[in-house]
Amino acid sequence: MAKGLAFVALSLIIGVLQSSNAEVPAIFILGDSTVDVGTNNYLPDSNITANFLHNGVDFPFQRATGRFSNGLNTADFLAKYFGFKRSPVSFLSLNGTLAIKKRKFRGVNFASAGSGLLDITGQTSTQKANVVPMGEQVYQFSMVYNDLVASKGTSEAQNFLAKSLIFISVGSNDIVGNHYSKNPIPKEQFIPNLAVVYEKHLRNLISVGARKFGIISVPPVGCCPSQRVSANGECLKELNDQAEAFFSTMDTLMRNLSYENKDIKYSLGNAFNITKPIIDNPQNSSFTDVKNACCGNGTLPCTPLASLCSNRHKYLFWDMFHPTQDASRLAASILFIGDSRFATPINFSQLEEAKN
């Protein structure tokens, strides 16, 4: 991605916001650690957490909120671009009380680090509540729908959700988990299987009022610092091939689903096309290190004892798996205003004006 886009992205986003006459009443976020804002903090048995330093070192007051980042993540920036302060809070942090009647309700974040499309992804034999799988997140969304109906009535609740945005970022953990399993399923079978499960989740969301989807596909996970360790410093091609196949399969799935459901609007973000050019040609970006992790240097997890880089804005990766705040900001801005190379058939900003 050229430096120019990073420099002009903010002014373009401001222009889009100023020219928009629509209002997004709420944002709902589902997925994994790329958009999690602290869900796993509320799972006592989970070992997939980030509510400790150095995480959050650049978050306001240096708070480690549970985001796998030095600051904000992609969900936060997308929410900001639609006029929100940052991502809505975690569903589990609300203790089952949405307080829809007590204050202006603006959405919920259901995302859980380590989770995937498959129920088994991120789970272990001894810790059944290690993550909140996608199926459970969809069920939690249905609980929100029921609360909205109870508070607003069916018609108003459905109208509210029809104008709201649903962001989903999931699939990476399924692909990586299958790759390292004892009996990995071949890509030609596994990716279509994931699509079948994804479609089921989307149909369930549609059945309880979801209409506008911003879907983020799988990035080049084979280039994460954690994968380079086992590939002599290079990207793991097999994982990247699966990430590309996943996007192609999702493209077909969403086309078919929107053809069947005429009131569905979507933007499919191509995280692979956003990230891979930066990794291949870092000189065309603002990042000088696209291989190593800022925290832990890519060989160790990010903990309070791990090494920490001082020039965090120059790093693409925060830890062994996740992007830095600056990388997340850039990704969100491209999803928001990018052309068809990065989001199809419309970009995320155009979802706001899209008529159901």
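**Exercise 1. Determine the handedness of the link between Cys 295 and Cys 302, and describe the surroundings of its two cysteines.**

Solution. The rotation about the S-S bond is 85 degrees, and the link of Cys 295 and Cys 302 is accordingly listed as right-handed. The structure is a predicted model, and the values used throughout these exercises are computed from it. The sulfur atoms of Cys 295 and Cys 302 lie 2.1 Å apart, and with a cut-off of 2.5 Å for a disulfide the pair qualifies as one. Turning to accessibility, both Cys 295 and Cys 302 are buried.

**Exercise 2. Characterise the disulfide of Cys 294 and Cys 309 by its sulfur distance, its handedness and the parts of the chain that it joins.**

Solution. Begin with the distance: the sulfur atoms of Cys 294 and Cys 309 are 2.0 Å apart, and the two residues form a disulfide. The angle about the S-S bond is -95 degrees, and this link is left-handed. Both Cys 294 and Cys 309 lie in the loop between strand S6 (289–293) and strand S7 (315–317), so the pair ties together parts that are 15 residues apart in sequence. For the last step, recall that buried means under 20% relative accessible area; Cys 294 is buried because its value is 3%, and Cys 309 is buried because its value is 9%.

**Exercise 3. Locate Cys 223 and Cys 235 among the helices and strands, and decide whether each is buried, partly exposed or exposed.**

Solution. The sulfur atoms of Cys 223 and Cys 235 are 2.1 Å apart, and the residues form a disulfide, whose angle of 110 degrees about the S-S bond makes the link right-handed. Cys 223 is placed in the loop between strand S4 (212–216) and helix H7 (225–228), while Cys 235 is in the loop between H7 and helix H8 (237–260), so the disulfide ties together parts that are twelve residues apart in sequence. The two ends are then classified by accessibility: Cys 223, with a relative accessible area of 0%, is buried, whereas Cys 235, at 24%, counts as partly exposed.

**Exercise 4. State how many disulfides a search of the whole structure finds, and give the pairing of the bonded cysteines in sequence order.**

Solution. The search of the whole structure finds three disulfides. When the bonded cysteines of the chain are numbered in sequence order, the pairing reads 1-2, 3-6, 4-5. Cys 224 takes part in no disulfide, and the nearest cysteine sulfur, which belongs to Cys 223, is 7.7 Å away. Cys 224 is nevertheless buried, with a relative accessible area of 8%.

**Exercise 5. Find how the axes of helix H2 and helix H10 are arranged, and identify the residues that make the contact.**

Solution. The axes of H2 (residues 74–81) and H10 (residues 325–337) come within 8 Å and cross at roughly 45 degrees, an angle that makes H2 oblique to H10. The crossing of H2 with H10 is right-handed. On the H2 side, the contact is made by Thr 74, Phe 77, Leu 78 and Tyr 81, and on the H10 side by Gln 325, Ser 328, Arg 329, Ala 332, Ser 333, Leu 335 and Phe 336. Sorted by class, the contact of H2 with H10 has six nonpolar, four polar and one charged residues.

**Exercise 6. List the buried residues of helix H5, and name the helices against which they pack.**

Solution. In H5 (residues 172–179), the buried residues are Ser 172, Asp 174, Ile 175 and Asn 178. These buried residues of H5 pack against helix H6 (187–207) and H8.

Conventions. Residues numbered from 1 in each chain as written. Predicted model: local features only at pLDDT ≥ 70, side-chain atom pairs only at ≥ 80, totals over all residues. Heavy atoms only, no water. Helix = DSSP H or I, 4+ residues; strand = E, 2+ residues; numbered from the N terminus. Buried < 20%, exposed > 50% of the residue type's maximum accessible area, 1.4 Å probe, protein only. Contact = heavy atoms within 4.5 Å. Axes fitted to C-alpha atoms, helices over the stretch in contact; angles between N-to-C directions. Parallel < 35°, antiparallel > 145°, perpendicular 65-115°, else oblique. Left-handed = near helix turned anticlockwise from the far one by under 90°. Nonpolar A, V, L, I, M, F, W, Y, C, P; charged D, E, K, R; others polar.
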